[in-house]
Amino acid sequence: TDHPARLRWAVNTERWSPSGDHEGAEFGFLLSLLPQHEREECLKFVHMPDKKRALVSRLLQRAACARVTSAPHASIEIRRTKGRKPFLASPL
């Protein structure tokens with residue numbers, strides 16, 4: 001059986017072409033699911049493929065944490081180490 005903390009998801013961001021790029025409604029809606037500081041981190045990238053990878057990465061991190069902890073998506077707090085590695089800060 002699968003362990004609840006072992007998740008594997010794959011997303012091909014190259015096949016995803018949101019209408020209007022980072023200024024479009026689809027990308028904007030997904031960005032709105034993140035806290036402000038994470039939105040800014042996603043948008044600081046110059047190239048659209050990098051923005052898409054950053055957004056999808058952060059959404060998947062939150063989805064994994066919410067699934068494993070059974071906490072609401074909005075209550076998930078992810079911080080980063082000095083080496084920029086993400087970790088679940090709350091709830092523990």
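## Helix contacts, cores and salt bridges in a predicted model

In this predicted model, the contact of α2 with α3 brings Glu-38, Glu-41, Cys-42 and Leu-43 of α2 together with Lys-51, Ala-54, Leu-55, Arg-58 and Arg-62 of α3. Sorted by residue class, the contact holds four nonpolar, no polar and five charged residues. Helix α2 covers residues 36–43 and helix α3 residues 48–69; their axes lie 8 Å apart and make an angle of about 150 degrees. The two helices are therefore roughly antiparallel to each other, since an angle over 145 degrees counts as such.

### Overall layout

The protein chain contains three helices and two strands. Read from the N terminus on, the order of elements is α-α-α-β-β. The C-alpha trace spans about 40 × 30 × 25 Å along its principal axes. Of the 92 residues in the protein chain, 28% are buried. Taking contacts between residues at least 6 apart in sequence, 41% join residues at least 24 apart.

### Nonpolar cores

The largest nonpolar core has 10 residues: Trp-16, Phe-27, Leu-31, Leu-34, Cys-42, Met-48, Ala-54, Leu-55, Val-56 and Leu-59. At least two residues of this core come from each of α1 (25–32) and α3. Helix α3 gives the largest share, five residues. Another core, of five residues, lies apart from it and includes Ala-66, Ala-71, Ile-76 and Ile-78.

Cys-42, Ala-54 and Leu-55 belong to the largest core and also take part in the contact of α2 with α3. Val-56, another member of the largest core, touches Val-11, Thr-13 and Trp-16 when residues up to four places away in sequence are not counted.

### Salt bridges

The count of salt bridges comes to five. Three of the pairs are listed here.

| Pair | Closest N to O |
|---|---|
| Arg-62 and Glu-38 | 3.2 Å |
| Glu-41 and Arg-84 | 3.8 Å |
| Arg-53 and Asp-50 | 2.5 Å |

The side chains of Arg-62 and Glu-38 meet in a salt bridge. This pair links distant parts of the chain, with Arg-62 in helix α3 and Glu-38 in helix α2, 24 residues apart. Both Arg-62 and Glu-38 are buried. For Glu-38 the relative accessibility is 4%, and the residue therefore counts as buried, the limit being under 20%. Glu-38 touches Arg-58, Arg-62 and Ile-78, leaving aside residues up to four places away in sequence. Of these, Arg-58 and Arg-62 are also among the α3 residues in the helix contact, whereas Ile-78 is one of the residues of the five-residue core.

Glu-41 forms a salt bridge with Arg-84. Glu-41 lies in helix α2 and Arg-84 in the loop between β1 (77–80) and β2 (86–90), so this pair ties together parts that are 43 residues apart in sequence. The two partners fall into separate burial classes: Glu-41 is buried, with a relative accessible area of 17%, and Arg-84 is partly exposed, with a relative accessible area of 44%. Glu-41 and Arg-84 also belong, together with Arg-58, to a network of salt bridges. Glu-41 and Arg-58 both appear in the contact of α2 with α3.

The pair of Arg-53 and Asp-50 is placed within one helix. These residues are three apart in helix α3, so about one helical turn separates them. Arg-53 is partly exposed at 42% relative accessibility, and Asp-50 is partly exposed as well, with a relative accessible area of 24%.

### Arg-39

Arg-39 lies in helix α2 and is partly exposed, with a relative accessible area of 26%. Leaving aside residues up to four places away in sequence, Arg-39 touches Leu-31, Ser-32 and Leu-34. Leu-31 and Leu-34 are members of the largest nonpolar core. Between Arg-39 and Leu-55 the C-alpha to C-alpha distance is 7.9 Å, with their positions 16 residues apart in sequence counted as the separation. Leu-55 is likewise in the largest nonpolar core.

Conventions
Residues numbered from 1 in each chain as written. Predicted model: local features only at pLDDT ≥ 70, side-chain atom pairs only at ≥ 80, totals over all residues. Heavy atoms only, no water. Axes fitted to C-alpha atoms, helices over the stretch in contact; angles between N-to-C directions. Helix = DSSP H or I, 4+ residues; strand = E, 2+ residues; numbered from the N terminus. Parallel < 35°, antiparallel > 145°, perpendicular 65-115°, else oblique. Contact = heavy atoms within 4.5 Å. Nonpolar A, V, L, I, M, F, W, Y, C, P; charged D, E, K, R; others polar. Core = buried A, V, L, I, M, F, W, Y, C linked by side-chain atoms within 4.5 Å. Buried < 20%, exposed > 50% of the residue type's maximum accessible area, 1.4 Å probe, protein only. Salt bridge = Lys/Arg side-chain N within 4 Å of Asp/Glu carboxyl O.
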